[in-house]
Amino acid sequence: KRISTLHVSMISIFLFLALLGLSAVAGSLMTLPIEGRIEVPSASFPVHNQEITLNGGEYSALTRIDGSFTFYEIPSGIYLLDVGDIRATYPQMKIKVSAEDGTVTVREYKYLGAQSMPSNYPLVLTAIMPVKYFQVKPPISIMGIIMGNPMMVMMVLMGVTVVFFPKMMAGMSPEDLAEMKKASANNPDPMKELTKLMGGKVDTKDEDDD
């Protein structure tokens, strides 16, 4: 009787372990599909044949002509979904798959470092903004050429002076002209003052002749 009881106990333990193993294997074999689609505002470019990856390439899928995609037989776990489109940026999705419960929970990150927010399932990923690799060439602007070049600004000012200064002089009275000449005579020659600052010698012959 002791031997038969021992055999029954051993058989019971073996069956219990076998059931645990079978349940673990069955749990590991349980999978769920992950479905979704990508969208582009105003349909500015096609959405087919774009690679969608989970966990940096652990699983991958291609979008269909309407932008939809499906990952088949995904086991339970947490996954990060990314869209490999070089023309636009998309939000990143954090997906929790519970194959045992048959549920898929999604949280969305609009951009890197943004706070997560709950999202709906099946997935809908809308392009946030286009990616620009080249700077747009600005149009040719005459004012930009003139104002951006100091030499051009000086030439414009000199031209304005040549055109309008004689007219200003013609409108002045003789008394005003006499005062202007007197003031200019009292002012030192700027070229001579610059020569002094540079350490050169100033020719005083002209001053003596005056």
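Author: Buried means under 20% relative accessible area, and partly exposed lies between that and exposed, which is over 50%. The model discussed here is predicted.

Reader: Is Phe71 buried or exposed?

Author: The cut-off for buried is under 20% relative accessible area. Phe71 has 3% relative accessibility, so Phe71 counts as buried.

Reader: Which residue forms an aromatic pair with Phe71, edge-to-face?

Author: Planes over 60 degrees apart count as edge-to-face. Here the angle between the planes is 75 degrees, and the distance is 5.9 Å centre to centre. The partner is buried, with a relative accessible area of 1%. That partner is Phe69.

Reader: How many aromatic pairs does the structure hold, and how are the rings of Tyr59 and Tyr79 arranged?

Author: The structure holds two aromatic pairs. In the pair of Tyr59 and Tyr79, the ring centres are 6.0 Å apart and the planes stand at 80 degrees. Because planes over 60 degrees apart count in this class, the arrangement of Tyr59 and Tyr79 is edge-to-face.

Reader: How many residues apart are Tyr59 and Tyr79?

Author: Tyr59 belongs to strand 3 (residues 59–62) and Tyr79 to strand 5 (residues 77–83). The pair links distant parts of the chain, and the separation is 20 residues.

Reader: Which of the two, Tyr59 or Tyr79, counts as buried?

Author: Tyr59 has 24% relative accessibility and counts as partly exposed. The other residue has 4%, and the cut-off for buried is under 20%. The buried residue is therefore Tyr79.

Reader: What is the order of the strands in the open sheet of three strands?

Author: Strand 1 (residues 31–39) runs antiparallel to strand 4, joined by six bridges. Strand 1 also pairs with strand 10, in the parallel sense over four bridges. The edge strands are strand 4 (68–75) and strand 10 (123–126), each pairing on one side only. The pairing is mixed, and the order is 4-1-10.

Reader: What is the bridge partner of Arg37 in strand 10?

Author: Strand 10 has a covered face, Leu123 and Leu125, and an uncovered one, Val124 and Thr126. The partner of Arg37 is on the uncovered face. It is Val124.

Reader: Which helix holds Val163, and what is the area of the nonpolar surface patch that includes Val163?

Author: Val163 lies in helix 3 (residues 150–170). With a relative accessible area of 44%, Val163 is partly exposed. The patch is made by Val156, Val160, Val162, Val163, Phe164, Phe165 and Met168. Its area is about 650 Å².

Technical notes. Residues are numbered from 1 along each chain as its sequence is written. This is a predicted model: local features need pLDDT of at least 70, side-chain atom pairs count only at pLDDT 80 or more; totals for chains, interfaces and linings use all residues. Side-chain values use heavy atoms; hydrogens and water are left out. Two strands pair if DSSP finds at least two bridges between them. Helices (H or I, at least four residues) and strands (E, at least two) are DSSP runs, numbered from the N terminus. Patches are made of residues with over 30% relative accessible area and no salt bridge: like charges are joined within 9 Å, nonpolar side chains (Val, Leu, Ile, Met, Phe, Trp, Tyr) within 5 Å. Accessible areas come from the Shrake-Rupley method with a 1.4 Å probe; for residues, only the protein chains shown count as cover. A salt bridge is a side-chain nitrogen of Lys or Arg within 4 Å of a carboxyl oxygen of Asp or Glu. Buried means under 20% relative accessible area, exposed over 50%, partly exposed in between (1.4 Å probe, protein chains only). Rings of Phe, Tyr and Trp (its six-membered ring) pair if their centres lie within 6.5 Å; planes under 30 degrees apart count as stacked, over 60 as edge-to-face and the rest as tilted.
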